[in-house]
Amino acid sequence: MSSQEIRQTFLQFFANKQHAIVPSAPMVVKNDPTLMFTNAGMNQFKDWFLGNTPPDHPRVADTQKCLRVSGKHNDLEEVGHDTYHHTMFEMMGNWSFGDYFKQEAIAWAWELLTEVYKIDRERLYVTFFEGHASEGLEADTEALAFWRQFLPDERILRGARKDNFWEMGDVGPCGPCSEIHADLRDASERQAIDGATLVNRGHPLVVEIWNLVFIQYNRKASGELELLPKKHVDTGMGFERLCMLLQGVQSNYDTDVFQPVIREIARLSGKIYGAQPQQTVAMRVIADHLRACCFSIADGQLPSNAKAGYVIRRILRRAVRYGYTFLGFNEPFICRLVPALVAQMGAAYPELQARQTLIEQVLREEETAFLRTLETGIRLLETVMEKNAATKIIAGKEAFQLYDTYGFPVDLTALMAREKGFEVDMPAFEKELENQKQRSRNAAATEESDWITVRPAAGPTVFVGYDMVTAGVHIVRYRTVKTKGKEQVQLVFDRTPFYGESGGQTGDAGVIGNDREQIIIVDTKKENKLTVHLADRLPDDVAAGFTAQVDTARRQATACNHTATHLLHHALRSVLGGHVEQKGSLVSADYLRFDFSHFQKVTDEEIRRVEHLVNAMIRANSPLEEHRRMPVAEAQAMGAMALFGEKYEPQVRVVRYGESVELCGGTHVGATGEIGFFRIIGESAVAAGVRRIEAVSASGAEALIDGLQDMVRSVGALFNNAPNVVQAIRKVISDNTSLEKQVQAFVAERVEQLKASLERHLRVVNGCYVAVLQAHIPPDMVKDLAFRIRNAHPALLFVGGVVHDGRPSLTVALSDDMVERGLNAALVVREAAKEIGGSGGGQKFLATAGGKNPDGLQAAIDKVIALSCGEPDKN
């Protein structure tokens with residue numbers, strides 16, 4: 001079976017079992033502070049498991065694109081070295097939300113594997129949870145009994161808590177699980193060693209293919225387990241591993257999931273896959289990482305230096321580095337592999353086809369930038385090795401600086417070091433890396449208490465903020481959260497007028513109160529679909545009723561900026577073209593930020609046209625046309641764009657102002673005229689093929705104009721309120737340029753005078769001709785003099801010691817014949833600079849240093865002479 005047939009067979013099997021087949025959620029996670037990427041099939045159903053929202057369907061199946069770069073068996077640096085672990089992978093799964101449980105899950109898994117996929121039953125082993133005495137958990141004898149209907153006891157194995165008790169996190173839903181493992185070894189190996197002894201032992205051909213999780217407990221913050229009122233099933237089967245099993249190969253990379261891309265890598269590199277171990281690993285790494293990067297970019301996550309973007313950049317750079325080091329790629333090549341991936345997976349994931357041009361452009365520019373980084377890193381590494389020539393050891397701190405500051409991979413540092421006979425202090429590097437990770441963990445550490453229920457919830461929090469900014473509310477539950485030593489209270493209401501931060505719009509603030517107390521709501525967040533209100537303290541009486549009041553000034557300013565963002569999007573598409581698509585946004589009370597696809601800088605003329613068009617739409621005073629629950633297809637037929645990387649509910653909210661139509665859940669003005677005025681304050685590049693516009697509207701735009709007018713008045717006052725200020729400024733610039741030329745001519749003349757004077761007063765020290773300059777002049781003037789005089793005489797040493805603005809500096813220059821004798825000005829100045837409390841460097845023939853101690857300048861000059869010419873004759 002082809003991979004496409006395997007995927008479709010799975011989905012059709014569960015469709016026949018009355019499961020709703022749902023599309024994969026985006027790989028990049030939004031509105032969940034605990035995750036950056038979807039790392040398991042159940043992530044998109046988290047709210048259903050947690051009880052935040054009721055399930056849309058009691059039975060669901062899908063195939064989910066996932067990304068893992070850390071955790072059990074998923075260290076990024078190990079991917080490519082074995083045959084079955086990946087960064088990006090597909091997780092096929094079926095779920096039950098309070099419907100069927102263990103019996104059906106086990107029976108259907110067995111039916112699909114053995115009767116539909118026709119897998120040899122003798123190759124399959126299963127595990128069940130053996131229990132955990134310290135937590136009072138008994139063995140899962142229920143699962144054991146069901147498995148005995150299909151397998152003999154010798155192929156039903158007991159599993160410890162580590163492998164057979166699944167938990168969503170430190171707190172939350174959890175339960176025992178049952179793994180299905182397949183033995184892919186040939187007949188002779190299976191006869192020699194019992195496969196049961198190799199299950200969960202890291203054998204590359206005895207691998208887990210499916211995990212059936214039976215969610216029946218909730219883990220509290222105290223560690224205590226409580227039974228859930230409803231039991232759920234969550235299963236996950238590794239698509240790539242299943243393809244390996246069904247296609248009769250012994251590596252995921254030998255399946256048709258990876259082979260088309262690997263063949264293209266081999267063609268472009270001129271290397272043969274499987275012929276040489278390092279080259280084979282390199283091709284696996286590139287094929288794996290290509291998928292991770294392409295799917296992330298298609299879902300809207302571009303490489304960057306922060307959070308999820310940094311993870312993608314790190315994955316991409318690892319692939320580039322493997323191609324550079326082992327396959328001889330010195331130019332962008334990963335972008336050339338995208339067509340092969342799209343041909344293989346584009347039918348199942350149409351976002352790859354739709355975003356192919358953007359993906360290729362982003363990858364090309366990222367690769368080009370990193371190849372420049374590699375060149376810079378190589379030069380820096382050569383400098384480090386030159387400095388450590390005596391010890392032949394590169395310190396851990398130096399290797400870490402190359403890695404952390406310049407993005408130079410440590411394994412490439414180690415490889416190049418070995419080629420030159422050097423060694424990297426890897427234990428010290430690992431210590432620096434661990435220190436950095438610990439700092440990051442400490443910065444992100446959050447302590448959360450268990451939710452305390454005040455009253456039973458009739459359902460999810462009802463948002464009433466589209467229609468009102470004041471509402472009566474009751475607290476449903478609350479908890480305390482401590483971050484960086486600061487404690488806040490999180491409140492969940494039965495209904496709320498507060499908008500929770502999502503879709504790029506910041507959350508509302510305000511107060512809740514009654515006749516006894518008033519509580520400040522400092523912010524409102526969305527955690528998945530749960531609206532959480534951050535309060536400065538817990539009310540004295542949490543069971544009381546409260547009146548919630550939104551900060552209306554902040555809400556109105558935010559609404560103006562949000563509606564202006566919609567108008568901006570429409571204007572950009574009108575001015576720049578239909579290729580413009582939103583790639584991200586931030587809407588706050590102060591300003592708006594809008595990222596969009598466009599492959600070149602937006603010109604000043606285009607920016608002005610966009611501004612004029614937005615302001616024309618504002619003056620048109622188009623009223624808000626809102627549809628709160630409309631099918632996605634119907635919304636798209638109206639002209640609303642569904643963005644890749646966003647997961648939409650079956651029913652969506654549509655916001656329309658004239659010709660601007662958007663899918664949006666945010667808060668907006670009643671008519672565009674409320675915005676008043678719009679102005680763009682900045683345009684820049686965010687990533688390859690993505691531009692960013694920052695803008696203000698309403699009172700923010702008014703403040704901008706006020707500031708510009710004040711600045712013009714101030715500039716005019718500096719020029720005695722000249723009628724034409726621009727002409728007056730140009731005259732000053734012209735006069736200044738003329739004066740600068742006169743100064744440069746004077747400096748050049750002065751340098752020639754100093755050179756002539758020094759040549760007349762050369763000292764001879766042990767056969768060296770020494771020119772010494774001590775003066776209060778700028779260091780640049782001294783450097784110019786050094787260049788001019790250094791070859792004025794054979795065997796010449798120039799040393800300049802000057803003080804400028806209270807700081808000493810040292811300049812050393814050597815004639816060419818002195819350099820040929822083996823002298824190095826950089827080494828000399830570095831040693832002499834210690835006398836002035838500084839450091840320096842440069843080239844062999846000329847080097848400079850700065851310091852803090854002017855009193856040590858004479859000693860520094862003497863040391864330069866001694867190091868270059870030997871100690872002068874005291875007689």
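**Sheets, cores and rings in a predicted model**

Q: In this predicted model, at about what angle to β26 does helix α17 run?
A: Helix α17 covers residues 552-576 and lies across two strands, β25 and β26. Its direction is compared here with that of β26, and the angle is about 115°.

Q: Which strands stand at the edges of the open sheet that contains β25?
A: The sheet has three strands in the order β24-β25-β26, with antiparallel pairing. An edge strand has a single partner strand, so one side of it is left without a neighbour in the sheet. The strands in this position are β24 (625-631) and β26 (660-663).

Q: By how many degrees are neighbouring strands of this sheet turned against each other on average?
A: The sheet in question is the open one with the order β24-β25-β26. With direction ignored, the average turn between neighbouring strands is 25°.

Q: Which residue of β25 stands opposite Pro631?
A: β24 and strand β25 (residues 651-657) pair in the antiparallel sense, and five bridges connect them. Opposite Pro631, in β25, stands Gln651.

Q: To which strand does α17 run at about 25°?
A: Helix α17 also lies across β22, β23 (592-597), β27 and β28. These strands belong to an open sheet of four, ordered β22-β23-β28-β27 and paired in the antiparallel sense. The strand to which α17 runs at about 25° is β23.

Q: Which strands of the four-stranded sheet have one side left without a neighbour?
A: The order of this open sheet is β22-β23-β28-β27. The strands at its edges each have a single partner strand, so one side of each lacks a neighbour in the sheet. They are β22 (582-587) and β27 (678-687).

Q: What is the average twist from one strand to the next in the sheet β22-β23-β28-β27?
A: The four strands of this sheet pair in the antiparallel sense. From one strand to the next, the twist averages 15°.

Q: Which residue is the bridge partner of Ala685 in β28?
A: Eight bridges join β27 to strand β28 (residues 690-697), and the two strands run antiparallel. Within β28, the bridge partner of Ala685 is Arg691.

Q: Which residue in the hairpin of β15 and β16 takes a positive phi near 50°?
A: Strand β15 (residues 470-483) runs antiparallel to strand β16 (residues 486-493), and eight bridges join them. Thr483 has Lys486 of β16 as its bridge partner. Two residues lie between the strands of the hairpin, and the one with a positive phi near 50° is Lys484.

Q: Which residue of β20 is the bridge partner of Leu491?
A: Besides its pairing with β15, β16 pairs with strand β20 (residues 530-535) over three bridges, in the antiparallel sense. In β20, the partner of Leu491 is His533.

Q: Is Leu124 buried or exposed?
A: Leu124 lies in strand β4 (residues 124-129). Setting aside neighbours within four places in sequence, its contacts include Trp110, Leu113, Leu151 and Ile180. Its relative accessibility is 0%, and a residue under 20% counts as buried, so Leu124 is buried.

Q: Which helix gives the most residues to the largest nonpolar core?
A: This core has 126 residues, of which Leu113, Tyr117, Ile180, Trp210 and Leu363 touch the most other members. The helix that gives the most to it, with 13 residues, is α9 (residues 277-298).

Q: How many residues are in the second, separate core?
A: Among the members of this second core are Ala564, Leu572, Leu592 and Ile607. The number of residues in this core is 28.

Q: Over the ring of which residue does the charged end of Arg653 sit?
A: Arg477 has its charged end over the ring of Trp451, 5.0 Å from the centre. For Arg653, the charged end is 3.7 Å from the centre of a ring, and that ring belongs to Tyr466.

Q: What percentage of the residues of the chain count as buried?
A: The chain contains 25 helices and 34 strands, and its C-alpha atoms fill a box of roughly 105 × 80 × 55 Å along the principal axes. Of its 875 residues, the share that counts as buried is 50%.

Notes: Residues are numbered from 1 along each chain as its sequence is written. This is a predicted model: local features need pLDDT of at least 70, side-chain atom pairs count only at pLDDT 80 or more; totals for chains, interfaces and linings use all residues. Side-chain values use heavy atoms; hydrogens and water are left out. Buried means under 20% relative accessible area, exposed over 50%, partly exposed in between (1.4 Å probe, protein chains only). Contact means heavy atoms within 4.5 Å. A charge sits over a ring if NZ of Lys or CZ of Arg is within 6 Å of the ring centre and within 35 degrees of the ring normal. A nonpolar core is a set of buried Ala, Val, Leu, Ile, Met, Phe, Trp, Tyr and Cys residues joined through side-chain atoms within 4.5 Å. Two strands pair if DSSP finds at least two bridges between them. Axes are lines fitted to C-alpha atoms, for helices over the stretch in contact, and angles run from 0 to 180 degrees between N-to-C directions.
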